[in-house]
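Good morning, colleagues. Please take a moment with the sequence and the structure before we go through selected features together.

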Amino acid sequence: MSLLQVSNLTFCYEGSFDNIFENVSFSVDTDWKLGFIGRNGKGKTTFLNLLLGKYEYTGSITTDKVFDYFPYKIEADEMTKTADELSEKWKPGVEGWKVVCELNSLGVDPEILYRPIKTLSFGERTKAMLAVLFSGENEFLLIDEPTNHLDKGGREIIKKYLASKKGFILVSHDRDLLDAVADHMLVLNRESIEVVAGNFSTWWENKEKADAFAISENEKHKKEIAKLQTSADRAGRWAEKNENTKIGFDPVKENDRCISTRSFIGAKTKKMQSRVKNFEKRIDREIEEKEGLLKDIEKVDDLKLMPLTHHKKCLVECRDFELSYEGAEPVFKGITFQLMQGDILFLNGENGCGKSSLIKAILRDTKKANSGDKGQNGQEEAEYGSNNDSKVITFGKIETASGLVISYIDQNTSHLKGNLKEYAEKQGLDYSLLLTLLRKLDMSRIQFEKNMEDYSEGQKKKVLIASSLLTSAHLYIWDEPLNYIDVFSRMQIEKLIEKYKPTMIVVEHDSRFREKLATKIIEM
């Protein structure tokens, strides 16, 4: 058995006022399959980089294992190289036959090692990197969000593969993946770090019980504090009243009192004042204990949504709809559905099956409908998406209700630049409401001063989600909105959609999210 021991770890970025980690200590067995979770911006990737020795810190990190990190970085000028050529850079001394064996375990043809990286899909790149990652020896592996951008099939393959391995830390917000893979959880709470046995669901069930107990105990403490404060106030008033009687008295009304009584009253007052001080000390201890009870409770604030109601019940209709790019085979064909108000439609299928293409066809038809130019059903040719060199050709029917207002989240975040105030002005959003909503999604105020280029991917996604939630719309179209979003924010968003029941079209590979919310699913 080998241990990874972290002792009194303290770290902050240069120029920052707040520590990311402060006097953190824990130890884990390097044979464990460790799920690693926490809010966006809490320092998960930072901690992995500290293990890799990329930053200076105080405290100690000790183990006899070697660390390796997924995903490997690919430079722009390396996109024409193959994974086989890059594997020596990724893991010096790697043996090719071991990589091939790992690819076989992943159910992938080893030929992907010999194709240029730029020709590989996200899933193929992920599998090639994982095969290289797990081909070493005496290593403790750091795996950072391996299922982002992967479809359901790809996620299932990665899930089964990782479940068969051991000796790694897995950063993921996919609850299904964590349940299937992890045997221990490393959790970044609000004020502490804890290591617990079990998978995500085990940890979450125990956390809910612990939080409920802490809240119950907190209510008891509040009542005790109120009683102590009442007693302290009463004793204080008695002491003050007695102190005022030390000097001066009416010899007619108080004929049993003499000047020597003053010392007796002083002693009695002193005893009362001492009692008041003891009350105050107990109150301070109770308050300190009460605050300690609640320090790690996740306060998930309710979000709000303002969907519009359209005069038509059917907002989008597709009938035998087919789409292809000029000179290529159809991306999809025979798509038929009606999107009624209140429907939450999930588009499900492998990467490249045309989910985003269908969404953009709906967006384009909405724009034409609102401009009054519906065109003709049948063959149609137009500029499409962001690729101006490609034409799109459609057959069949796609029709959206006139006057339809859509709030759209694209899976791409590269356009987020500048500060939040400029972004709010450009999007026509109330700046203060945007900040309030981001705070409810647990973005810290210090992030509001930064440019969005410096945000983590999870923080960028939260900006897009907040922007969409602040937009009153008939239809919300979200294309992979939860990539990089932490577990707690996912639960907030689930609760929001369950409460307000907006009309939605969603592409999302998080199976828990889809199972909980979908009223319709189209398999593409």
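Is Asp320 buried or exposed? At 53% relative accessibility, Asp320 counts as exposed, because the cut-off for that class is over 50%. I should say at once that this is a predicted model. Asp320 lies in strand E10, which covers residues 314-325. Its phi is near 50°, a positive value in a residue other than glycine. As a general matter, most residues other than glycine have a negative phi, and most peptide bonds are trans.

Two further backbone features deserve mention alongside that one. Asn138 also has a positive phi, near 55°. This residue sits in the loop that runs from helix H4 (122-133) to strand E6 (139-144). With a relative accessible area of 43%, Asn138 is partly exposed. The other feature concerns a peptide bond: the one from Phe70 to Pro71 is cis, with omega near 5°. Pro71 belongs to the loop between strand E5 (66-70) and helix H2 (83-90).

Let me now step back to the chain as a whole. Its secondary structure comes to 14 helices and 18 strands. The chain has 524 residues, and buried residues make up 47% of them. Of the contacts with a separation of 6 or more, 71% are accounted for by residues 24 or more positions apart. The accessible surface comes to about 26500 Å², and carbon and sulfur atoms contribute 48% of that area.

I turn next to two helices, beginning with H4. Helix H4 has 12 residues, and the distance from its first C-alpha to its last is 16 Å, close to the 16 Å expected at 1.5 Å a residue. How many of the residues of H4 are buried? The count is 9 of 12, so that the helix is mostly covered under the cut-off of 20% relative accessible area. Among the buried residues are Gly123, Thr126, Met129 and Leu133. The buried residues of H4 pack against E5, H2, helix H3 (96-105), E6 and helix H5 (152-163). Both E5 and H2 flank the loop that holds Pro71, and E6 follows the loop that holds Asn138.

The second helix is H12, residues 457-469. Its 13 residues should span 18 Å at 1.5 Å a residue, and its end C-alpha atoms are 18 Å apart, which agrees. H12 is mostly covered, with 12 of its 13 residues buried. These include Lys460, Lys461 and Lys462, together with Val463, Leu464 and Ile465. The cover over the buried residues of H12 includes strand E15 (406-409), helix H10 (420-427), helix H11 (431-440), E16 and H13.

Within H12 there is also a charged pair. Glu457 forms a salt bridge with Lys460, and the closest N and O atoms are 3.7 Å apart. The two residues are 3 residues apart in the helix, about one turn. In general, an α-helix has 3.6 residues a turn, so residues three or four places apart point the same way. The two partners fall into separate accessibility classes: Glu457 is partly exposed at 30% relative accessibility, whereas Lys460 is buried at 11%.

That pair leads to the salt bridges of the structure, of which there are 27. Side chains of opposite charge can pair when their charged atoms come close. Which parts of the chain does the pair of Arg39 and Asp486 link? Their side chains meet in a salt bridge of 3.5 Å, N to O. The pair links distant parts of the chain, 447 residues apart: Arg39 is in the loop between strand E3 (33-38) and helix H1 (44-51), and Asp486 is in the loop between strand E16 (475-479) and helix H13 (487-500). Both Arg39 and Asp486 are buried. The two elements on either side of Asp486, E16 and H13, are also among those that cover the buried residues of H12.

A further salt bridge joins Arg115 to Glu111, with the closest N and O atoms 3.0 Å apart. Here Arg115 is partly exposed at 23% relative accessible area, and Glu111 is likewise partly exposed, at 34%. Finally, Arg175, Arg490, Glu494, Asp510 and Lys516 are linked in a network of salt bridges.

Thank you for your attention.

Note on methods
Residues are numbered from 1 along each chain as its sequence is written. This is a predicted model: local features need pLDDT of at least 70, side-chain atom pairs count only at pLDDT 80 or more; totals for chains, interfaces and linings use all residues. Side-chain values use heavy atoms; hydrogens and water are left out. A salt bridge is a side-chain nitrogen of Lys or Arg within 4 Å of a carboxyl oxygen of Asp or Glu. Helices (H or I, at least four residues) and strands (E, at least two) are DSSP runs, numbered from the N terminus. Buried means under 20% relative accessible area, exposed over 50%, partly exposed in between (1.4 Å probe, protein chains only). The expected span of a helix is 1.5 Å times one less than its number of residues. Contact means heavy atoms within 4.5 Å. Accessible areas come from the Shrake-Rupley method with a 1.4 Å probe; for residues, only the protein chains shown count as cover.
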